[in-house]
Amino acid sequence: MSKKLPVSHWFNNDFFSETLLKVFLLVIGVSCLILISLNTFAEHYTVAFCETLLLILTASLWFLPRRWHYYQWVVFFYVSFIFLGILAVVAFSPLFSGRQVWVLIFPMSAYLMLGRRIAVWLSGVCLALVAIILYLRFYDPHGIQLVSVVINLVFAYLFLWGLTHGAEKIHKKMMATLTVVASTDPLTGLANRRNMIAKYEQQFKAAKKDGDGLAFVLIDLDHFKRVNDNYGHDIGDAVLVDFAERLRAHEGDSEQLFRLGGEEFCVLMSASKSKTWAVSFCQYIHDTPFRFNGHDICYTASIGVSSSNEEGGDFKHLYSIADQRLYKAKNSGRNCVVLEG
């Protein structure tokens with residue numbers, strides 16, 4: 001069994017957000033390159049210069065480490081630069097040049113890069129200033145037509161804001177659901193090996209805080225293949241579900257229970273009670289047959305126990321010691337507990 005428990009990046013919100021951000025930066029960067037070429041060809045050198053600055057900022061933000069202390073300030077400066085660029089476009093471009101359409105990227109870009117709270121007021125300020133500039137520049141020649149433009153702009157802002165906010169909420173729910181699916185055994189409902197390292201760290205810190213150690217209790221059902229061969233895989237699955245229910249009944253904290261694969265299970269518990277618990281649980285499994293569809297199915301379990309009090313707190317080392325003791329229990333005739341050696 002591999003002791004390294006990989007976690008997929010796609011169940012990491014930070015990685016997903018970073019990927020989305022880089023897609024946005026890529027779109028801005030490519031757009032800048034195209035617009036720089038067009039404005040240089042049209043001899044609009046001031047506009048091309050501003051777009052070049054935006055391209056440089058975009059490239060810098062792409063390579064900037066997100067854990068840098070001042071990263072959020074750089075992002076805020078970047079978004080503010082876009083914000084000022086949008087205002088400049090509205091202030092100095094003809095009404096029907098088409099450049100004002102860039103105001104529509106602001107709600108989504110602000111939300112994506114700065115978060116909901118900052119983006120709310122920043123987008124509101126942007127919209128208000130755009131409306132004021134349009135009114136001061138174009139109301140006299142266009143009158144009621146300008147009011148229609150502003151109303152459509154407001155509705156477009158609200159639509160994009162709602163779309164972005166809704167997409168974020170759906171994304172968070174999907175990620176939470178996928179995380180549960182990825183970390184839970186579908187048959188027994190117990191946690192699987194994927195998140196055992198994280199749970200171990202939490203439980204180990206809690207045990208140390210209580211002045212106790214943390215124990216690995218590795219359990220393997222004896223001769224489980226015989227159950228499948230004699231009764232069929234459906235009943236074999238029922239036995240696994242029954243065993244998971246017995247674990248829940250004897251160890252109330254389901255956060256400490258794991259199915260590692262096949263017929264192998266693990267319980268994380270306080271070291272002070274682990275040895276007594278393991279012996280008692282092993283005896284209980286032996287003494288209590290599983291009754292299913294009129295059949296009494298007798299099965300037993302082998303158990304290996306290690307604890308941080310005796311073997312130290314390293315996860316891999318503790319796991320390895322418990323694994324060795326589990327196989328020693330199997331080689332000693334099964335249906336027993338090995339606590340040392």
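This is a short talk on the core, the salt bridges, the surface charge and a few backbone details of one structure.

Before anything else: the model is predicted. Please keep that in mind throughout.

Let's start inside. The largest nonpolar core has 35 residues. Which residues have the most contacts inside it? Those are Y78, F106, M113 and V130. Now, where does the core come from? Six helices each supply at least two residues: α1 (13-41), α2 (45-63), α3 (71-92), α4 (106-114), α5 and α6. Which helix gives the most to this core? That is α3, with nine residues.

Stay with those helices for a moment. I picked a few residues from α1 and α2. F24 is found in α1. F24 has a relative accessible area of 16%, so it is buried. V30 also lies in helix α1. Is V30 buried or partly exposed? Its relative accessible area is 41%, so V30 is partly exposed. Then there is A48, in helix α2. A48 comes out at 6%, which means buried.

Some C-alpha distances go with these three. V30 and L55 are 25 residues apart in sequence, and 8.6 Å apart in space. A48 and L33 are 15 residues apart along the chain, with 9.5 Å between their C-alpha atoms. And F24 to H250? Those two are 226 residues apart along the chain, and their C-alpha atoms are separated by 51 Å.

Next, salt bridges. How many does the structure hold? The count is 10. I will take three of them.

One is K330 with D222. Their side chains meet at 3.6 Å, N to O. K330 sits in helix α12, while D222 sits in the loop between β1 and α8, so this pair ties together parts that are 108 residues apart in sequence. Both partners are buried: K330 is, and so is D222.

Another is R246 with D242. The closest N and O atoms are 2.8 Å apart. This bridge stays within one helix. Both residues belong to α9, residues 233-250, and they are four residues apart, so about one helical turn separates them. How accessible are the partners? R246 is at 5% relative accessibility, so it counts as buried. D242 is at 15%, and it counts as buried too.

The third pair is R291 and D296. Their side chains meet in a salt bridge at 2.8 Å, N to O. Here the accessibility picture reads as follows. R291 has a relative accessible area of 56%, so it is exposed. D296 has 46%, so it is partly exposed. On networks: salt bridges that share partners join D220, D222 and K330 into one network. So the K330 to D222 contact is part of a network that also includes D220.

Now out to the surface. Which residues gather in a patch of positive charge there? They are R116, R117, K169 and K173. Two elements give two or more residues to the patch: α5 (116-142) and α6 (144-183). Take K173 as an example. K173 is found in helix α6. At 60% relative accessibility, it counts as exposed, because the cut-off for exposed is over 50%. Recall that α5 and α6 also each supply at least two residues of the nonpolar core.

Last topic: backbone angles. Most residues other than glycine have a negative phi. Two residues here are worth a look when you check torsions.

H223 is one. Its phi is near 50°, a positive value, and H223 is not a glycine. Where does H223 lie? In the loop between β1 (214-221) and α8 (224-231). That is the loop that holds D222, the salt-bridge partner of K330. At 34% relative accessibility, H223 counts as partly exposed.

R334 is the other. Its phi is positive as well, about 65°, although R334 is not a glycine. R334 lies in the loop between α12 (315-331) and β7 (337-338). Its relative accessible area is 28%, so R334 is partly exposed. Helix α12, on one side of that loop, is also where K330 lies.

To recap, α3 gives the most to the largest nonpolar core. The K330 to D222 bridge ties together parts 108 residues apart in sequence. H223 has a positive phi, and so does R334.

Terms used. Residues are numbered from 1 along each chain as its sequence is written. This is a predicted model: local features need pLDDT of at least 70, side-chain atom pairs count only at pLDDT 80 or more; totals for chains, interfaces and linings use all residues. Side-chain values use heavy atoms; hydrogens and water are left out. Patches are made of residues with over 30% relative accessible area and no salt bridge: like charges are joined within 9 Å, nonpolar side chains (Val, Leu, Ile, Met, Phe, Trp, Tyr) within 5 Å. Accessible areas come from the Shrake-Rupley method with a 1.4 Å probe; for residues, only the protein chains shown count as cover. A salt bridge is a side-chain nitrogen of Lys or Arg within 4 Å of a carboxyl oxygen of Asp or Glu. Lys and Arg count as positive and Asp and Glu as negative; His and the chain ends are not counted. The place of a charge is taken as NZ of Lys, CZ of Arg, CG of Asp or CD of Glu. Buried means under 20% relative accessible area, exposed over 50%, partly exposed in between (1.4 Å probe, protein chains only). A nonpolar core is a set of buried Ala, Val, Leu, Ile, Met, Phe, Trp, Tyr and Cys residues joined through side-chain atoms within 4.5 Å.
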